[in-house]
Amino acid sequence: MKRASLTSGKECILVIDDDPAMLEYTQALLASEPYRIELATNATQAVQLLEQGLTPDLILLDIAQAGCDGLQAMEACRAVRPGQKIVVFSCLSRPDVIVQALRHGALDFIAKPFYKSDLDQVLRRCLASSSESASDQSHVESVAGGLSFVAASPAMKQIRTRLTQVAAVDMPVLLLGESGVGKDVLARLIHQLSARADKPFLKVNCAALPLDLLESELFGYEAGAFTGATRSKPGMFELCHGGTLFLDEIGEMSPSLQAKLLHVLQDGQFSRLGARTVSQADVRIVAATNINVQKAMETRGFREDLYYRLSAFTIKVPPLRERREEIPLLFRHFLEEFSRRYAHQPPVYSQRLIVACSRHDWPGNLRELENFVKRFLVLKDERLSISELEQEPEVELETPKKDTACHHAEEGRCLKMLVRRLKERAEEKVIEEVLASNNWNCKLAASQLHISYKALLYKIKQYGITPVSEEVMAGSAAGMRSTHA
């Protein structure tokens, strides 16, 4: 008998009977139904299938098998999969046998011989019950972009409830959590549950783009705004009108650009680079960061006013090591998903691998687990995979002790970012001093700084540099008039 695919996506029914004719008869009755049928000739074989990763929605078990106690078979199956839904059937119609099976947790009883109508009725009732119970224990929800939201822990179930609540209210949302915990999935789900679901959802990675490029990407620019701007280009705020804009890694955004973003959040208005007109933005902001926001505000790497504007609704996503009950579910989910995507037959694995996965801390969270499953799918070597999980924690625990500087990268304070911010602050200070010494004569200041007049104006706007008083402004205007004269 050929085993059914583990990746068909249909409700799975495992039939356990020592009579091959009965197995074939049951399979034939269900052949026209949208079920995935798995067959086992005894309880030992059934337990092996469960240990290898089979997750049936329902088990049909003959409790009168030769040399086997049906009640013990039920317990053996539940030892591997606690809470497993089981329906028993037998040619024995004695009431005491039926009552004993039901007392041990069987959902229902079917007497042999049975007809298709009898079987269909029991399956419909018990599978519906199974689905309701499963939804109480775990939750796998499809999200746009080929992603899935998985919740089996109390923390993630609570987050799922909060997502529904906040999606209905058109306010900014701030997602906090370590890298790889799935903040992008939450952002997409918020959009999917909101009234903006039929409008665009756009994502911008603030850490992947240089400052100048990020600003033009968000707000767009007019032709001639800078060298190379030969034609106008709309920014994300225009392209995402009516929808949701996801600002990932917002903690890496420069303070000057944070100030411009704050202005958009306050009054919904922005201007393209080089534009003289103001545009209106009807965009919902969902932002995410893995940095320590409180420390970033203390060091002025993150503006307090922007934080309080974004944090009207904050969701902290726990790392995978704090929701270990989801690891087996996520492992099987990723394995099925990648098997379909790469057209691979899912490899056979034992409960040992699931246990090893559950014990691992997964410092890279979901992203690390995904890559681990991909390697296992390709190599199909369970022993190698378990060895990999057992060796990695030592490296992960020792590395931060030997190189504490790298630890700051988790807080958005890596060396490259630190140098960039110091450079910006030094540049801002020099520009302020030169402008002040020249009474805000921008033409003269640009000449002394050896940059173009247009570049100086852009830097003034970038850093939000302003004159210290109206007298300076008046002097600047006079200086500009004398320069033009």
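**Exercise 1. A loop alanine**

Task: Decide whether A229 is buried or exposed in this predicted model, and find which residues A229 contacts.

Solution.
Step 1. Take the relative accessibility of A229, which is 6%.
Step 2. Apply the cut-off: buried means under 20%. A229 therefore counts as buried.
Step 3. Locate the residue. A229 sits in the loop between β10 (220-221) and β11 (233-234).
Step 4. List its contacts, leaving aside neighbours within four places in sequence. They are Y221, E222, A223 and G224.

**Exercise 2. The whole protein**

Task: State how many helices and strands the protein has, and what percentage of its residues count as buried.

Solution.
Step 1. Count the elements: 21 helices and 16 strands.
Step 2. Turn to burial. Of the 485 residues, 45% count as buried.
Step 3. Look at contacts with a separation of 6 or more. Residues 24 or more positions apart account for 72% of them.

**Exercise 3. Two helices side by side**

Task: Describe how helix α2 and helix α3 are arranged, and say which residues make the contact.

Solution.
Step 1. Know what to look for. Two packed helices are described by the angle between their axes and the distance between the axes.
Step 2. Read the values. The axes of α2 (residues 43-51) and α3 (residues 70-80) come within 9 Å and cross at roughly 10°.
Step 3. Apply the cut-off: angles under 35 degrees count as roughly parallel. So α2 and α3 are roughly parallel to each other.
Step 4. Name the residues. α2 brings A43, V47, L50 and E51, while α3 brings A73, A76, C77 and V80.
Step 5. Sort them by class. The contact has 7 nonpolar residues, no polar ones and 1 charged residue.

**Exercise 4. The largest nonpolar core**

Task: Find which residues touch the most other members of the largest nonpolar core, and which element supplies its largest share.

Solution.
Step 1. Recall the background. In soluble globular proteins, nonpolar side chains tend to be buried together.
Step 2. Pick out the best-connected members. Of the 33 residues in this core, L218, F237, L245, L247 and F302 touch the most other members.
Step 3. Trace the suppliers. Elements that each give at least two residues include β8 (173-176), α8 (211-219), β12 (244-248) and α10 (255-267).
Step 4. Find the largest share. α10 supplies it, with 5 residues.
Step 5. Zoom in on F237. Not counting residues up to four places away in sequence, F237 touches L218, F219, L245, L261, V264, F270, A281, V283 and I285.
Step 6. Note a separate core. Another one, of 23 residues, lies apart from the largest core; I16, C77, I86 and A101 are among its members.

**Exercise 5. Aromatic pairs**

Task: Classify the pair F201 and F246 and the pair W362 and F372.

Solution.
Step 1. Start with the total. The whole structure holds 14 aromatic pairs.
Step 2. Take F201 and F246. Their centres are 6.4 Å apart, with 25° between the planes. Planes under 30 degrees apart count as stacked, and this pair is stacked.
Step 3. Place them. F201 is in strand β9 (residues 201-205) and F246 in strand β12, 45 residues apart.
Step 4. Check burial. F201 counts as buried at 17% relative accessibility, and F246 counts as buried at 1%.
Step 5. Take W362 and F372. Here the values are 5.5 Å centre to centre and 70° between the planes. Over 60 degrees counts as edge-to-face, and this pair is edge-to-face.
Step 6. Place them too. W362 lies in the loop between α14 (351-359) and α15 (365-379), and F372 lies in helix α15, so the pair ties together parts 10 residues apart in sequence.
Step 7. Check burial again. W362 counts as buried at 0% relative accessibility; F372 counts as buried at 1%.
Step 8. Finish with a cluster. Ring pairs link Y25, F89 and F114.

Technical notes
Residues numbered from 1 in each chain as written. Predicted model: local features only at pLDDT ≥ 70, side-chain atom pairs only at ≥ 80, totals over all residues. Heavy atoms only, no water. Axes fitted to C-alpha atoms, helices over the stretch in contact; angles between N-to-C directions. Helix = DSSP H or I, 4+ residues; strand = E, 2+ residues; numbered from the N terminus. Parallel < 35°, antiparallel > 145°, perpendicular 65-115°, else oblique. Contact = heavy atoms within 4.5 Å. Nonpolar A, V, L, I, M, F, W, Y, C, P; charged D, E, K, R; others polar. Core = buried A, V, L, I, M, F, W, Y, C linked by side-chain atoms within 4.5 Å. Buried < 20%, exposed > 50% of the residue type's maximum accessible area, 1.4 Å probe, protein only. Phe/Tyr/Trp six-rings, centres within 6.5 Å; stacked < 30°, edge-to-face > 60°.
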